[in-house]
Amino acid sequence: MDEKWNVFVEDEVAFLHRSWTGNGIYEASFSPVPGGGWRISALVVESDPSRYRRSSDQYDRMMVELVLSGIVLGEPAVDLRAELVALTTQESGRTDLPAGVVEHSALGLRSPR
């Protein structure tokens with residue numbers, strides 16, 4: 001029940017779906033970087049409000065990076081986690097949200113701190 005995301009890759013596209021609904025929320029296209037590696041070159045975000053309530057481009061960019069870094073790659077992603085908490089606090093207007101609750105609600109993970 002704690003897993004919030006299902007992620008799979010086809011060719012150079014990572015598909016990020018919510019685990020409980022199966023709804024596809026993000027499609028991140030990757031391009032090779034000169035000298036090695038890959039970067040996100042395009043991002044498609046679900047726009048149907050019955051499937052996903054968008055908040056901002058900044059939040060969507062951060063969430064894709066955080067899911068890929070923190071869940072798929074298992075990195076600590078401390079800066080991205082802090083950005084998640086800051087954006088959630090800002091967008092909700094609440095200052096009493098514990099970081100661990102915000103992270104678990106969005107990611108289904110415990111903070112590595």
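These exercises work through the strands, helices and selected residues of a predicted model.

Local features need pLDDT of at least 70 and side-chain atom pairs count only at pLDDT 80 or more, while totals for chains, interfaces and linings use all residues. Residues are numbered from 1 along each chain as its sequence is written, and side-chain values use heavy atoms, with hydrogens and water left out.

**Exercise 1. Lay out the sheet**

Task: state the order of the strands in the open sheet and say which strands stand at the edges.

Solution.
- Step 1. Fix the terms. Helices (H or I, at least four residues) and strands (E, at least two) are DSSP runs, numbered from the N terminus. Two strands pair if DSSP finds at least two bridges between them.
- Step 2. Recall the background. Strands of a sheet pair through backbone hydrogen bonds, either parallel or antiparallel.
- Step 3. Read the order. Four strands make an open sheet, β1-β2-β3-β4, with antiparallel pairing.
- Step 4. Find the edges. β1 and β4 each have a single partner strand, so one side of each is left without a neighbour in the sheet.
- Step 5. Add the twist. From one strand to the next it averages 25 degrees. Axes here are lines fitted to C-alpha atoms, for helices over the stretch in contact, and angles run from 0 to 180 degrees between N-to-C directions.

**Exercise 2. Walk the three hairpins**

Task: for each hairpin, give the bridges, a residue pair and the residue with positive phi in the turn.

Solution.
- Step 1. Start with β1 and β2. They run antiparallel and are joined by six bridges. Asn6 faces His17 of β2. Two residues lie between the strands, and Asp11 in the turn has a positive phi of about 55 degrees.
- Step 2. Move to β2 (residues 13-18) and β3 (residues 24-32). Five bridges pair them in the antiparallel sense. Val13 has Ser29 as its bridge partner in β3. His17 stands opposite Gly24, also in β3. Five residues separate the strands of this hairpin, and Gly22 in the turn has a positive phi of about 80 degrees.
- Step 3. Finish with β3 and β4 (residues 38-45). Seven bridges join this antiparallel pair. Ala28 is opposite Leu43 of β4. Pro32 has Trp38 as its bridge partner in β4. The hairpin has five residues between the strands, and Gly35 takes a positive phi near 90 degrees.

**Exercise 3. Check positive phi outside glycine**

Task: are Asp11 and Ala77 buried or exposed?

Solution.
- Step 1. Set the cut-offs. Buried means under 20% relative accessible area, exposed over 50%, partly exposed in between (1.4 Å probe, protein chains only).
- Step 2. Take Asp11. This residue is in the loop between β1 (5-10) and β2. Its relative accessibility is 72%, so Asp11 counts as exposed.
- Step 3. Take Ala77. Its phi is positive, about 50 degrees, although it is not a glycine. Ala77 is in the loop between α1 (57-72) and α2. Its relative accessible area is 14%, so Ala77 is buried.

**Exercise 4. Place α1**

Task: which strands does α1 lie across, and how is Ile71 placed?

Solution.
- Step 1. Orient the helix. α1 lies across β1, β2, β3 and β4 and runs at about 85 degrees to β1.
- Step 2. Locate Ile71. This residue is in α1. At 29% relative accessibility, Ile71 is partly exposed.
- Step 3. Link distant sequence positions. Ile71 and Lys4 are 67 residues apart along the chain, yet their C-alpha atoms are separated by 9.9 Å.

**Exercise 5. Describe the packing of α2 and α3**

Task: give the crossing of α2 and α3, the residues in contact and the polar contact of Glu103.

Solution.
- Step 1. Choose the descriptors. Two packed helices are described by the angle between their axes and the distance between the axes.
- Step 2. Apply them. The axes of α2 (residues 78-92) and α3 (residues 99-107) come within 10 Å and cross at roughly 100 degrees.
- Step 3. Classify the angle. α2 is therefore roughly perpendicular to α3. Under 35 degrees counts as roughly parallel, over 145 as roughly antiparallel, 65 to 115 as roughly perpendicular and the rest as oblique.
- Step 4. List the contact (heavy atoms within 4.5 Å). α2 supplies Arg81, Leu84, Val85 and Thr88, and α3 supplies Ala99, Val102, Glu103, Ala106 and Leu107.
- Step 5. Sort by type. Six are nonpolar, one is polar and two are charged. Ala, Val, Leu, Ile, Met, Phe, Trp, Tyr, Cys and Pro count as nonpolar, Asp, Glu, Lys and Arg as charged, and the others, Gly among them, as polar.
- Step 6. Examine Glu103. This α3 residue is buried at 0% relative accessible area. A polar contact of 3.0 Å joins its side chain to that of Arg81. Such a contact is a pair of N or O atoms within 3.5 Å; within protein, one must be able to donate a hydrogen and the other to accept it, and residues adjacent in sequence count only if both atoms are side-chain atoms.
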